[in-house]
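Here's a quick briefing on a protein model, covering its cavities, its strand pairing and one buried residue. Have a look at the model first, then read on.

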Amino acid sequence: MRKLLPFLMLLALPFAFVQKAEAQVEIGPRVILAEDVDFGVGGIVVFSLESIHEALEGAASFDFYFPDFGSYFQIEGVVRYLIPIENQSIMPFVAGGIGIGRFSFDEIDTGIPGFDIDIDTSSTEVGLLLGGGLKFEAESVNPFVQVLLGIGDLPSFGLAGGVTFSVGG
């Protein structure tokens, strides 16, 4: 737990810079395909970090995956740099941050009737995330796609997409 606390504090750091009165906040669902843990669904919150730099935004997400056996969920916190281009309806970005994933399972199916192995184990892993993607700006619905590469013990590749809805500012 002592090792996890500094990472959780780092994950919460971007929230300290959000200006409450002017903050543009977007929330929405997303789906993700990731190496080792297959398909996942989750939610994302995107918020402005204009108080630090006009092209920065933070994104926090929670995803629950459906691997072949066991269960896996991941919490991510990233800072995105929106790359300025002339077309304001498409916004490319690069991202970096941290992720915390938890894998657990209690039985291994051997495929042989009566020979399943009962194991109760779990593991929590922390790693760095690097990636990029595209946001498609619209009136109140903003589709996005992104690629994230995990460095460390997290799944090493993920492709996500979804929509966010503006709820503030």
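The lining of the second largest cavity splits into three nonpolar, two polar and three charged residues (Ala, Val, Leu, Ile, Met, Phe, Trp, Tyr, Cys and Pro count as nonpolar, Asp, Glu, Lys and Arg as charged, and the others, Gly among them, as polar). Keep in mind that this is a predicted model, where local features need pLDDT of at least 70, side-chain atom pairs count only at pLDDT 80 or more, and totals for chains, interfaces and linings use all residues. Residues are numbered from 1 along each chain as its sequence is written, and side-chain values use heavy atoms, with hydrogens and water left out.

**Second largest cavity**

- About 40 Å³ of space sits in this cavity; a cavity is a set of points on a 1 Å grid over the protein atoms alone where a 1.4 Å probe fits but cannot get out, and lining residues have an atom within 4 Å of a point.
- For the volume, grid points are joined across faces, edges and corners, and the space filled by probe spheres set on the points is taken.
- The lining residues are Arg 30, Ile 44, Ala 59, Ser 61, Glu 76, Val 78, Arg 80 and Gln 146.
- Strand E3 (56-65) and strand E4 each give two or more residues to that lining, and E4 gives the most, with three.

**Largest cavity**

- The structure has two cavities of 30 Å³ or more, and the largest holds about 80 Å³ of space.
- Its lining is made up of Ile 32, Ala 34, Tyr 65, Gln 74, Glu 76, Leu 129, Leu 148, Leu 149, Gly 150, Pro 155, Phe 157 and Gly 158.
- E1, E4 (71-82) and E7 are the elements that give two or more residues here, with the largest share, three residues, coming from E7.
- By class, this lining has eight nonpolar, three polar and one charged residues.

**Strand pairing**

- Overall, the protein chain has one helix and eight strands, where helices (H or I, at least four residues) and strands (E, at least two) are DSSP runs numbered from the N terminus.
- In order from the N terminus, the elements read α-β-β-β-β-β-β-β-β.
- E1 (residues 25-34) pairs with E8 (residues 158-166) in the antiparallel sense over seven bridges; two strands pair if DSSP finds at least two bridges between them.
- Within that pairing, Leu 33 is opposite Leu 159 in E8.
- On E7 (residues 141-152), eight bridges lead to E8, again antiparallel, and Gln 146 is opposite Ala 160 in E8.
- The link from E7 to E8 is a hairpin of five residues.

**Glu 26**

- Is Glu 26 buried or exposed? Glu 26 is in strand E1 and counts as buried because its relative accessibility is 6% (buried means under 20% relative accessible area, exposed over 50%, partly exposed in between, with a 1.4 Å probe and protein chains only).
- The side chains of Glu 26 and Asn 142 share a polar contact of 3.4 Å, meaning a pair of N or O atoms within 3.5 Å; within protein, one must be able to donate a hydrogen and the other to accept it, and residues adjacent in sequence count only if both atoms are side-chain atoms.
- Leaving out residues up to four places away in sequence, Glu 26 touches Ile 44, Val 45, Val 46, Lys 135, Asn 142, Thr 164, Phe 165 and Ser 166, with contact meaning heavy atoms within 4.5 Å.

**Whole chain**

- Of the 169 residues in the protein chain, 36% count as buried.
- Among contacts with a separation of 6 or more, 51% come from residues 24 or more positions apart.

Notes
On a 1 Å grid over the protein atoms alone, a cavity is a set of points where a 1.4 Å probe fits but cannot get out, and a pocket is an open set with protein on both sides within 12 Å along at least five of seven lines; lining residues have an atom within 4 Å of a point.
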